[in-house]
Every structure is written in structure tokens, then in C-alpha cells.
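Welcome to this guided tour. Please open your viewer, choose a cartoon view, and keep the selection tool at hand.

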Amino acid sequence: MIIGTLHHTESIERMHPLLKEALQWLRTHAATAHQKGITRQVLKEGILWANVETPAMKSKAEQMLELHQQYIDIHVPVDKDETIGYLPDYYLPSPHIAYNPERDIAFYTAEPLCYITLHPGEFAIFTPHDAHAPIIGEGQIQKICMKLKV
């Protein structure tokens with residue numbers, strides 16, 4: 001897991017070939033994508049895109065951990081704080097909902113090791129070794145989840 005602010009990304013942009021492009025798109029569009037009616041922005045078909053979402057938030061007890069194998073996630077809250085649970089994959093028990101390769105996701109009911117709270121303009125990057133429980137809070141949130149092919 002990597003946590004940062006969209007204004008200071010230079011030190012991590014070389015970690016993945018698509019990371020610089022993804023972070024640049026977020027810096028340019030995160031604050032206005034919801035207002036423009038964007039729901040999904042494909043930057044490179046099948047390997048880099050942004051899901052622009054307005055989901056209902058859940059309590060810590062309701063939200064399960066998720067884990068991906070094929071994609072890296074970049075979570076960015078837009079209009080309010082978002083809490084996200086975190087647990088390295090080596091602590092995970094058997095999945096509660098088995099891995100679905102078409103959706104690139106498995107769900108787990110384990111307790112997160114810790115929780116982070118992201119503020120608008122901040123991001124968290126989760127690799128395929130980082131189980132995470134996003135969208136924890138109250139009400140609805142405007143957020144963006146970028147997907148980068150591993």
C-alpha cells in the first residue's frame with residue numbers, strides 16, 4: 001500500500017509504467033469528473049481506466065476486504081473523507097467469496113490490520129498483495145478508482 005497526495009507523486013511515478021499517466025489523469029480530472037458526468041474513462045483499453053463512482057458508504061463491520069490479482073487500484077476520494085481497511089495478503093484466510101477472474105476480485109471476512117482515512121486530494125495504491133476494504137464511512141461519497149494492469 002502506498003499513500004500520498006496527488007500534488008506530490010514524482011517519487012513513485014517510476015514504480016509502474018502506467019502510474020505516471022494514471023496520476024496525471026487524476027490530478028487533471030478528479031475534482032471535476034463527477035460534475036462532467038464521467039462514469040468510466042478508458043485511457044488504455046484493458047490496461048488503464050478510471051471508474052468514477054458515487055457509492056453508498058458502509059460501516060467497518062459491513063465492509064469486506066477485497067483482493068485483486070490482475071490490477072492495481074488507486075483510490076481517490078473526491079468530496080469527503082474515505083476510510084479504508086488494509087491487510088497484507090499473507091494474513092488472509094480462505095476467501096468468503098472465491099476469486100472471480102472476470103471481475104478480478106475475491107472477498108474476505110478477516111479483520112483489517114489497520115485503517116487509513118483519505119481526504120480529498122489524497123490517494124491510496126493497493127497492489128495484488130494488499131487486501132483492502134474501501135468505502136467505509138457514512139452517506140454517499142464521490143470517488144475515483146483507477147485500475148492499472150499489473
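Below we walk from a sheet to a helix, then on to rings, cysteines and two residues with an unusual backbone angle. Keep in mind that this is a predicted model.

**Stop 1: the six-stranded sheet**

Start by selecting strands β1, β10, β5, β12, β3 and β2. These 6 strands form an open sheet in just that order, and the pairing is antiparallel. Which strands stand at the edges? They are β1 (residues 2–5) and β2 (residues 40–44); each has a single partner strand, so one side of each is left without a neighbour in the sheet. If you turn the view, you can look for the twist: neighbouring strands here are turned by 20° against each other on average, direction ignored.

A short reminder may help at this point. Strands of a sheet pair through backbone hydrogen bonds, either parallel or antiparallel.

Now zoom in on β5 (residues 71–77) and β10 (residues 122–126). The two run antiparallel and are joined by 3 bridges. Select His75 and look across to β10, where Ala124 stands opposite.

**Stop 2: the helix on the sheet**

Next, select residues 19–29, which make up helix α1. This helix packs on the sheet and touches β2, β3, β5, β10 and β12. Compare its direction with that of β12 (residues 143–149): the two make an angle of about 165°.

Show the side chains of α1 as sticks. Which residues of the helix are buried? Leu19, Ala22, Leu23, Trp25 and Leu26 are. They cover an arc of only 155° around the axis, which puts them on the same side of α1. A general point explains such patterns: an α-helix has 3.6 residues a turn, so residues three or four places apart point the same way. Follow the buried residues of α1 outwards and you will find them packing against β2, β3, β5, β10 and β12.

**Stop 3: two pairs of rings**

Colour the aromatic side chains next. How many aromatic pairs are there? The count comes to 2 aromatic pairs. The rings of Trp49 and Tyr71 have centres 5.0 Å apart and planes at 65°, so this pair is edge-to-face. Trp49 lies in strand β3 and Tyr71 in strand β5, so the pair ties together parts that are 22 residues apart in sequence. Trp49 is buried, at 11% relative accessible area, and Tyr71 also counts as buried, at 11%.

Then move to Tyr90 and Tyr91. This aromatic pair is tilted, with 4.8 Å centre to centre and 45° between the planes. Are these rings' residues buried or exposed? Tyr90 counts as exposed at 64% relative accessibility, while Tyr91 is partly exposed at 48%.

**Stop 4: a covered strand**

Select residues 130–136, strand β11. This strand is mostly covered, with 7 of its 7 residues buried. Add strand β6 (residues 82–88) to the selection: β6 and β11 pair in the antiparallel sense over 5 bridges. To see one position in this pairing, pick Gly85, which stands opposite Ala133 in β11.

While you are here, click on Ile135, which is found in β11. Ile135 has a positive phi of about 65° although it is not a glycine. As a rule, most residues other than glycine have a negative phi. Ile135 is buried, with a relative accessible area of 15%.

**Stop 5: Gln69 and Asp104**

Go to Gln69, in the loop between β4 (residues 65–67) and β5. Its C-alpha atom is separated by 7.3 Å from that of Ile105, a residue 36 places away along the chain. Leaving aside neighbours within four places in sequence, Gln69 is in contact with Tyr99, Asp104, Pro128 and Val150.

From there, step to Asp104, in the loop between β7 (residues 97–100) and β8 (residues 105–108). Asp104 is another residue to check for its backbone angle: it has a positive phi of about 55° although it is not a glycine. At 4% relative accessibility, Asp104 counts as buried.

**Stop 6: the cysteines**

Finally, select Cys114 and Cys145. How many disulfides are there? The count comes to 0 disulfides. The sulfur of Cys145 is 18 Å from the closest cysteine sulfur, in Cys114, which is too far for a bond. Their surroundings can be checked too: Cys114 counts as partly exposed at 29% relative accessibility, whereas Cys145 is buried at 6%.

How values were computed:
Residues numbered from 1 in each chain as written. Predicted model: local features only at pLDDT ≥ 70, side-chain atom pairs only at ≥ 80, totals over all residues. Heavy atoms only, no water. Disulfide = S-S within 2.5 Å. Buried < 20%, exposed > 50% of the residue type's maximum accessible area, 1.4 Å probe, protein only. Pairing = 2+ DSSP bridges. Helix = DSSP H or I, 4+ residues; strand = E, 2+ residues; numbered from the N terminus. Axes fitted to C-alpha atoms, helices over the stretch in contact; angles between N-to-C directions. Contact = heavy atoms within 4.5 Å. Arc of directions from axis to C-beta. Phe/Tyr/Trp six-rings, centres within 6.5 Å; stacked < 30°, edge-to-face > 60°.
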